[in-house]
Amino acid sequence: MTAPLALAGIRVLDLTELLPGPFATQMLADMGAEIIKIERPGVGDSARSMLPSTYRMVNRGKCSVTLDLKSPDGREALLRLVKEADILVEGYRPGVMKRLGADYDTLKAIAPGLIYASISGFGQTGPLRDVPGHDLNYNAVAGVLALCGSADGPPEQAVGVPVADLSGSLYTVTSILAALMLRQKTGKGQYLDVSITDAVFTMVGPRLGSVQDTPGFGKKDVLCRTGYGVYETRDKRYIALGAIEDHFWARLVKVLGIAVLAEAQYAKSAQRWKAVASLDPLIRAKIRERSHDEWIDVLTRNDVPVTTVTTLDTIFDDPQLAERGMILQGDGIRYVNYPVPMQGVDAARHDEPHRLGQDNAAVLGAAGYTPQQIASLSK
């Protein structure tokens, strides 16, 4: 017997665009929730035209309904849909939903059990509340960029993955799931003020312990650790070496056979990290003497943490990711699967996003609108 999907029967109204909101609601869809994506008539989510492949990655299987929320009829249609919804996720700048007459205080009056999540760059309060921004800006405020770039250089835009945006997505989903659990006990929904900056700041948090414990602690202490980093091999490929603990360091030293590294003074991490400027060049020179495959083989056999630095043009062929079932084949495009194999989650059951407005008739018809009214609302 097939296990039921974890969020089967949960309906989500998705009023978000681009990445943070859609990535969050895609996870809810993978868990079985019905996602009704509310889009602007004729235009839709900006990612449809700006980033079409990204759009396909994070909007799989969602219903698409077009409504002009600036019009009285469009707002009224949204209110009608809210009465049958469990969750609403919106990604507008603070104040927009209130101007549209669809803020939480308004909607909870007609749907007391509604869980309403607002995702914004800096949150609904604070001096940056109304400042526009993107992943780069949120990382800058949260301290992420202060840890990027060369060890002795200025902060740099060195995060290729939008970690701030996706941190916001993850905290949105986590908080929604907790709110659903609480609703089972109280019967009431709640408002979730998700700040992308706050979310990614929590991921900087573990570094802040060292900042407080060690005067002068900074980027160099994070990025410069002997035997821990990316190293170029003889055939111009790269390996990621993670000999950070003392026992892994001892195994690495044995494999490399460099006498200086074996000195007792470097057996403990604190001392060898202080000497990174003199020790790491020795390791880099040694790694360049042999090929990528040779190093992967010998270091793996000696139980040293080492992996290939996978390139984006080969990542879909990575055997580890393939064995874990992380790659899903869609209609002419490959998708990334939900990362935790578990009952109640099935990302593979849907692949392509719905066409803009594809579900107007079904969703609005079920809400009581006539075909003529639906045609008018969809313009």
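Hi everyone, let me start with burial: of the 379 residues in the protein chain, 43% count as buried, where buried means under 20% relative accessible area, exposed over 50%, and partly exposed in between, with a 1.4 Å probe and protein chains only. Please keep in mind that this is a predicted model, so local features need pLDDT of at least 70, side-chain atom pairs count only at pLDDT 80 or more, and totals for chains, interfaces and linings use all residues. Residues are numbered from 1 along each chain as its sequence is written, and side-chain values use heavy atoms, with hydrogens and water left out.

Now the overall picture. The C-alpha trace of the protein chain spans about 80 × 45 × 40 Å along its principal axes. Its secondary structure comes to 17 helices and eleven strands; these are DSSP runs numbered from the N terminus, helices being H or I with at least four residues and strands E with at least two. Taking contact as heavy atoms within 4.5 Å, 69% of the contacts between residues at least 6 apart in sequence join residues at least 24 apart.

Let's turn to one sheet. Strands 7, 8 and 9 form an open sheet in the order 7-8-9, with antiparallel pairing; two strands pair if DSSP finds at least two bridges between them. Strand 7 (228–232) and strand 9 (306–308) stand at the edges with a single partner strand each, so one side of each has no neighbour in the sheet. On average, neighbouring strands here are turned by 25° against each other, direction ignored. Strand 7 and strand 8 (residues 238–242) pair over five bridges, and Val 230 stands opposite Ala 240 in strand 8.

What lies across strand 7 and strand 8? That is helix 13 (residues 276–287), running at about 40° to strand 7. For such angles, axes are lines fitted to C-alpha atoms, for helices over the stretch in contact, and the values run from 0 to 180 degrees between N-to-C directions.

Next, a residue you may like: Asp 30, in helix 1 (residues 20–30). Is Asp 30 buried or exposed? Asp 30 is buried, with a relative accessible area of 4%. Leaving aside neighbours within four places in sequence, Asp 30 has contacts that include Arg 60, Tyr 338, Arg 349 and His 350.

Finally, helix 4 (residues 72–82). Its buried residues are Gly 74, Ala 77, Leu 78, Leu 79, Leu 81 and Val 82. These pack against several elements, among them strand 1 (11–15), strand 2 (34–39) and helix 17 (371–377). Thanks for listening!
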